[in-house]
Each structure stands twice: as structure tokens, then as C-alpha cells.
Amino acid sequence: MSQEPTPTALSAEDTKLVTLARATRARTQAAEGAAVRDLDGRTYAAATVELDALRLSAVQGCVAMAVAAGARGLAAVVVLGEATELTSPDRAVLDEYAGRDVVVHLGDARGAILP
């Protein structure tokens, strides 16, 4: 039986984001899963979208949902996948919408957060 990764250094709220991002990525078999928490505590989760007519990163999907829901900004972001740093487009969308002080946690596909 495999043991689930436990992100011990995260708050309970950020641990919830890891769970949401991991489940979304696993359900869709996407390259990345992401989850965000807005300034009101609402959460949004998305996976990478790779269609011929539409390409979105998981972070972009989360931000689009938050904007559409009327969120005023983001408090935290979790991105799970193969990357060890945010892509430039993801950093740009977070800078514009959430600001440079938003908490960003990157982790592997299993949910182990990178140091």
C-alpha cells in the first residue's frame, strides 16, 4: 500500500489546496493540477487544458474561475506537476491578479511540496 505524501510545513488551508490540485490532476490525467484560495477563502481547482482550439495552464484555469466568480484576488496557489518553477505566463497572470506577495507552493504530481 502506497503512503500518501504529507505536506507537513503547510497550513491546513494550503494542505487543502494540495488535495484539490492532486485530485484534479489525477482525475483528468493532465500535465498539471492547480488550486487557489481567494481572499474570501473560496477555492478553485483546475487542470491543464490542451485542446486544438484552447490551451490553458492549470494556474490560468484557476485564475479564470476566480475572476469569473468575482474574487478580488488570491491568497495562495498550489501547482502540482513536473515543473520546479512557475512558467513565465503563470507568473505574469499571478503578478497581475494576485500580486507578487501571493503564496505559491510547487510540488510533484503526488503532492510532495518542493522546498
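## A tour of the hairpin and its salt bridges

Start with the confidence colouring. This is a predicted model, and its pLDDT averages 92 over the protein. A score of at least 70 is reached by 93% of the residues.

**Stop 1: the N-terminal stretch.** Select residues 1-8. Here pLDDT stays under 50. The model gives this stretch 10 contacts beyond four places in sequence. Then move on to the strands.

**Stop 2: the hairpin.** Select residues 33-38, strand β1, and residues 43-47, strand β2. The two strands run antiparallel, and 5 bridges join them. Pick V36 next: its bridge partner in β2 is Y44. Now look at the turn. There are 4 residues between β1 and β2 in this hairpin. One residue in the turn, G41, has a positive phi of about 90 degrees.

**Stop 3: R37 and D14.** Stay on β1 and show the side chain of R37. Add D14. These two form a salt bridge, with the closest N and O atoms 2.9 Å apart. The pair links distant parts of the chain: R37 sits in strand β1, while D14 belongs to helix α1, residues 12-28. The two residues are 23 apart. Are R37 and D14 buried or exposed? Both are buried.

**Stop 4: D40 and R42.** Go back to the loop of the hairpin. Show the side chains of D40 and R42, which meet in a salt bridge at 3.6 Å, N to O. D40 has a relative accessible area of 48%, so it falls under the 50% that exposed residues must exceed and counts as partly exposed. R42 is also partly exposed, at 34%.

**Stop 5: D40 and R72.** Keep D40 on screen and add R72. Their side chains meet in another salt bridge, 2.8 Å from N to O. Which parts of the chain does this pair tie together? D40 lies in the loop between β1 and β2, and R72 in the loop between α2 (58-68) and β5 (74-80), so the pair connects parts 32 residues apart in sequence. R72 counts as exposed because its relative accessibility, 59%, is over the 50% cut-off.

**Stop 6: the network.** Add D38 to the selection. Salt bridges with shared partners join D38, D40, R42 and R72 into one network.

**Last stop: the whole structure.** Zoom out. How many salt bridges does the structure hold? It holds 6. Among them are the buried pair R37 and D14, the D40 and R42 pair, and the D40 and R72 pair.

Conventions: Residues are numbered from 1 along each chain as its sequence is written. This is a predicted model: local features need pLDDT of at least 70, side-chain atom pairs count only at pLDDT 80 or more; totals for chains, interfaces and linings use all residues. Side-chain values use heavy atoms; hydrogens and water are left out. Two strands pair if DSSP finds at least two bridges between them. A salt bridge is a side-chain nitrogen of Lys or Arg within 4 Å of a carboxyl oxygen of Asp or Glu. Buried means under 20% relative accessible area, exposed over 50%, partly exposed in between (1.4 Å probe, protein chains only). pLDDT is the predictor's confidence in each residue, from 0 to 100. Contact means heavy atoms within 4.5 Å.
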